[in-house]
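Work through the following exercises with the chain in view, trying each task before reading its solution.

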Amino acid sequence: MYKFKFADIGEGIHEGKLLKWMFDVGDEVKDGDTLFLVETDKVNAEIPSPVDGVIKKLLAEEGDTIHVGDVVVEIDDGEESESLEEKSEKKGETRKETIDEGKDMAGVVGELEVGEDVLESSDENEGKEEITSKKKSLATPVARKLAKDLGIDINSISGSGANGRVMKEDIYKASEMKEKSDQKDDSKGNNKKSYIKDIDIPKIKIDGEVERVKVSKMRKTIAENMVLSKSVIPHASSMDDFDVSELVEFRKEQKEIADKQGIKLTYMPFIIKAITLALKEYPILNSSYDMENEEIILKKYYNIGIAVDTPEGLMVPVVKNADRKGILEISKEMNDLIEKSQNRTIGLENLRGGTFSITNYGAVGSTYGVPVIKYPEAAILGIGRITKKPVVKDGEIVIRDIVPISLSIDHRIIDGADAGRFLNKVKEYLQDPMLLLLS
């Protein structure tokens, strides 16, 4: 009997909502068939079966919250009715678990061969010589991933499982002890979650009729990320108006070419291109501030996140290596990412790795804003609605196409003058779109 456990699908996701079973008890299932759909705080995912067999028991109902490691379905695959752990410990041979772990520890759903040998830590670049001199704990890759996520050295933990195997409970206990220790050590000052716990939040007083709406997993994640960004990063903002009349005309001309190729051409690809060019001239805006090591991480790659309005809340898919792509290529990729985000079919790999983000509140008619930086990035650009306005040009009042721009920066590492120079460079490219083609 195969006991299927809900697997780690990466990005620190530890639970999900079971949306729909694709099979009933008694149905035959093939290896790779989708067993059920699950909603996490970032994506909806199809969870495949790792074996052929017959569904014997469904151990969770649609709408239930399931956690990584929970057995959610039993599949009769013709094997003896033993747990995977029992099989492994009796036979001492290589076994299979319904866990998942990508090469980069990000995780994808599937099976993983797990031997009895202790697996190497995924921290390949972190002090190998020191690690090899220590005793290596016995643990599954899922346990190692959990320890890594919680910042715990798994080799320092005494396991309570069979043969000293480190269990998840051991890791959680070690994490709690570490957290208490960190809170006592005021000199560290780098506990990311302490800012929330230390705030004495007054209760909400209700004086009239209300409706309470359950917060979705995605909204909860958005809220936590916003609190993290605004608590950790001291924001400062700059605003300006760009005259993009030439860009408006240029886009009209290029739109016909794009239409013939089946590509919807908006202004955003031009803005992405302008930003990547400006970031190369002002790399401090394409960086992160590493508080723990007191270093600035200047990134030599240009992955631009785009805030997308979805029914569940904002998602930020990433156009990777945007500096290496042309306007139409960016446009095609961006449109695909937006569609997948709105349909909740986007993969996690498309939501991570951003180095700079853009939010376009002009799409809903807004003008100015103070966008919140996506931690751990250093800056974000907000775009308002393009409107025709009277401006003074060559001593005369003329009507031009104006777009309001807002830039938020991490003021720990970016000064206002840097922000101004960066904005001026972006303006230069957008006011003369031919520069985008020549650069």
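**Exercise 1: Two loop residues**

Task: Decide whether R344 counts as buried or exposed, and do likewise for D394.

Solution: With a relative accessibility of 8%, R344 counts as buried, where buried means under 20% relative accessible area, exposed over 50%, and partly exposed in between (1.4 Å probe, protein chains only). D394, by contrast, has a relative accessible area of 75% and is therefore exposed. The model is a predicted one, in which local features need pLDDT of at least 70 and side-chain atom pairs count only at pLDDT 80 or more, while totals for chains, interfaces and linings use all residues. Residues are numbered from 1 along each chain as its sequence is written, and side-chain values use heavy atoms, with hydrogens and water left out.

The next step is to place both residues: R344 sits in the loop between α9 (327–343) and β18, and D394 in the loop between β20 (387–393) and β21 (396–410). Helices (H or I, at least four residues) and strands (E, at least two) are DSSP runs, numbered from the N terminus. Most residues other than glycine have a negative phi, and most peptide bonds are trans. R344, although not a glycine, has a positive phi of about 60°, and D394, also not a glycine, has one of about 55°. A cis peptide bond, with omega about 5°, joins Y375 and P376.

**Exercise 2: An open sheet**

Task: Find the order in which four strands form an open sheet, and explain why one side of β5 and of β7 is left without a neighbour in the sheet.

Solution: The order is β5-β4-β2-β7, with antiparallel pairing; two strands pair if DSSP finds at least two bridges between them. Because β5 (44–48) and β7 (65–67) stand at the edges and each has a single partner strand, one side of each lacks a neighbour in the sheet. Inside the sheet, β2 (residues 15–21) and β4 (residues 34–39) are joined over four bridges, including those that pair K17 with E39 and L18 with V38. From β4 the sheet continues to β5 over five bridges, and there T34 has P48 as its bridge partner.

**Exercise 3: Two faces of a strand**

Task: Which side chains of β1 (residues 2–5) point to one face and are buried?

Solution: They are Y2 and F4, whereas K3 and K5 point to the other face and are not buried. In a regular strand the side chains alternate between the two faces of the sheet. β1 pairs in the antiparallel sense with β8 (residues 71–76) over four bridges, and the partner of Y2 in β8 is I75.

**Exercise 4: Core and helix crossing**

Task: Which helix gives the most to the largest nonpolar core, and how does α8 meet α10?

Solution: The largest core has 55 residues, with I272, I275, F356 and L407 having the most contacts inside it; a nonpolar core is a set of buried Ala, Val, Leu, Ile, Met, Phe, Trp, Tyr and Cys residues joined through side-chain atoms within 4.5 Å. Helix α8 (residues 268–281) gives the most, with nine residues. The axes of α8 and α10 (residues 416–431) come within 9 Å and cross at roughly 135°; axes are lines fitted to C-alpha atoms, for helices over the stretch in contact, and angles run from 0 to 180 degrees between N-to-C directions. α8 is therefore oblique to α10, since angles under 35 degrees count as roughly parallel, over 145 as roughly antiparallel, 65 to 115 as roughly perpendicular and the rest as oblique. The contact, meaning heavy atoms within 4.5 Å, includes F270 and I275 of α8 and F422 and Y429 of α10.
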